[in-house]
Amino acid sequence: MERTLSIIKPDAVKKNVVGEIISRFEKNGLRIAAMKKIWMTKEEAKGFYIVHKDRPFYDSLTDFMSEGPIVVMVLEGENAIAKNREIMGATNPANAAPGTIRKDFAENIERNAVHGSDAPETAAFEIGYFFSSLEIL
């Protein structure tokens, strides 16, 4: 059983599509092991995206991720990381397959509705950033 972190970003929360996004995960065999709605500060967003600190989009990304509430979840299931990424679609919604979350709900490459861990090591860091072991059921 693999676990991954999923974030429904501020743009998708503002559009009120949280339930639709969660439904897509569940319909594709992923189970929610933990979930909460939070509002990150700019500093918390910087800490979460520290891996991108030298990239040109770091400041605008952390501004975006701290501009409104997000829903963070731990998803689990067989091949959860790959399955979540398939359901989300390509990072750039213009390149995302029809029926994916990003194709249906994203505005652009930065305001792209959702985040998902890209590897087991990333998932471990990201899950630990938001959840204690007592919160994951």
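In strand S3, Glu76 is the bridge partner of Arg31. This pair belongs to a predicted model, in which S2 and S3 (residues 70–77) pair in the antiparallel sense over seven bridges. The briefing below proceeds from the sheet to the helices, the nonpolar cores and selected residues.

**The sheet**

- Four strands form an open sheet in the order S2-S3-S1-S4, with antiparallel pairing.
- The edges are strand S2 (31–38) and strand S4 (114–116), each of which pairs on one side only.
- On average, neighbouring strands of this sheet are turned by 20° against each other, direction ignored.
- S1 runs antiparallel to S3, and seven bridges join the two strands; here Thr4 stands opposite Leu75 of S3.
- S1 is also joined to S4, by three bridges and again in an antiparallel arrangement; Ser6 stands opposite Gly116 of S4.
- Strand S1 (residues 2–8) is mostly covered, with five of its seven residues buried.

**Helix H2 and the residue that follows**

- Helix H2 (residues 18–27) has as its buried residues Val18, Ile21, Ile22, Arg24 and Phe25.
- These residues lie on the same side of H2, because they cover an arc of only 155° around the axis.
- The general background is that an α-helix has 3.6 residues a turn, so residues three or four places apart point the same way.
- Gly29, just after H2, takes a positive phi of about 85°.

**Nonpolar cores**

- The largest nonpolar core has 21 residues, of which Leu5, Ile7, Met65, Val74, Phe130, Phe131 and Ile136 touch the most other members.
- Two or more residues of this core come from each of S1, S2, helix H3 (42–48), H4, S3 and helix H7 (120–130).
- H4 gives the largest share of this core, four residues.
- Apart from this core lies another, of 20 residues, including Val13, Leu30, Leu75 and Ala113.
- In general, nonpolar side chains in soluble globular proteins tend to be buried together.
- Ile7 is in contact with Phe48, Met65, Ile70, Val71, Val72, Ala113, Val114, His115 and Phe130, leaving aside its neighbours within four places in sequence.
- The contacts of Ile7 thus include Ala113, which is listed among the members of the other core.

**Thr62 in helix H4**

- Thr62 lies in helix H4 (residues 58–65) and counts as buried because its relative accessibility is 0%, under the 20% limit.
- The side chain of Thr62 reaches the backbone oxygen of Tyr58 at 3.0 Å.
- Not counting residues up to four places away in sequence, Thr62 touches Lys42, Ala45, Lys46 and Tyr49.

**His115 in strand S4**

- His115 lies in strand S4 and is buried, because its relative accessible area of 12% falls under 20%.
- A polar contact of 3.1 Å links the side chain of His115 with the side chain of Glu126.
- With neighbours within four places in sequence left aside, His115 is in contact with Leu5, Ser6, Ile7, Lys9, Phe48, Tyr49, Asn84, Met88, Arg102 and Glu126.
- Among these contacts of His115 are Leu5 and Ile7, two of the residues named above for touching the most other members of the largest core.

**Positive phi outside glycine**

- As a general matter, most residues other than glycine have a negative phi.
- Asn16 has a positive phi of about 65° although it is not a glycine.
- Asn16 is placed in the loop between helix H1 (10–14) and H2.
- With a relative accessible area of 68%, Asn16 is exposed, the threshold being over 50%.
- Ala113 likewise is not a glycine and has a positive phi, of about 75°.
- The position of Ala113 is in the loop between helix H6 (101–105) and S4.
- Ala113 counts as buried, because its relative accessibility is 0%.
- The two loop residues therefore fall into opposite classes: Asn16 is exposed, whereas Ala113 is buried.

Terms used
Residues are numbered from 1 along each chain as its sequence is written. This is a predicted model: local features need pLDDT of at least 70, side-chain atom pairs count only at pLDDT 80 or more; totals for chains, interfaces and linings use all residues. Side-chain values use heavy atoms; hydrogens and water are left out. Buried means under 20% relative accessible area, exposed over 50%, partly exposed in between (1.4 Å probe, protein chains only). A polar contact is a pair of N or O atoms within 3.5 Å; within protein, one must be able to donate a hydrogen and the other to accept it, and residues adjacent in sequence count only if both atoms are side-chain atoms. Contact means heavy atoms within 4.5 Å. The arc is that of the directions from the helix axis to the C-beta atoms. Two strands pair if DSSP finds at least two bridges between them. Axes are lines fitted to C-alpha atoms, for helices over the stretch in contact, and angles run from 0 to 180 degrees between N-to-C directions. A nonpolar core is a set of buried Ala, Val, Leu, Ile, Met, Phe, Trp, Tyr and Cys residues joined through side-chain atoms within 4.5 Å.
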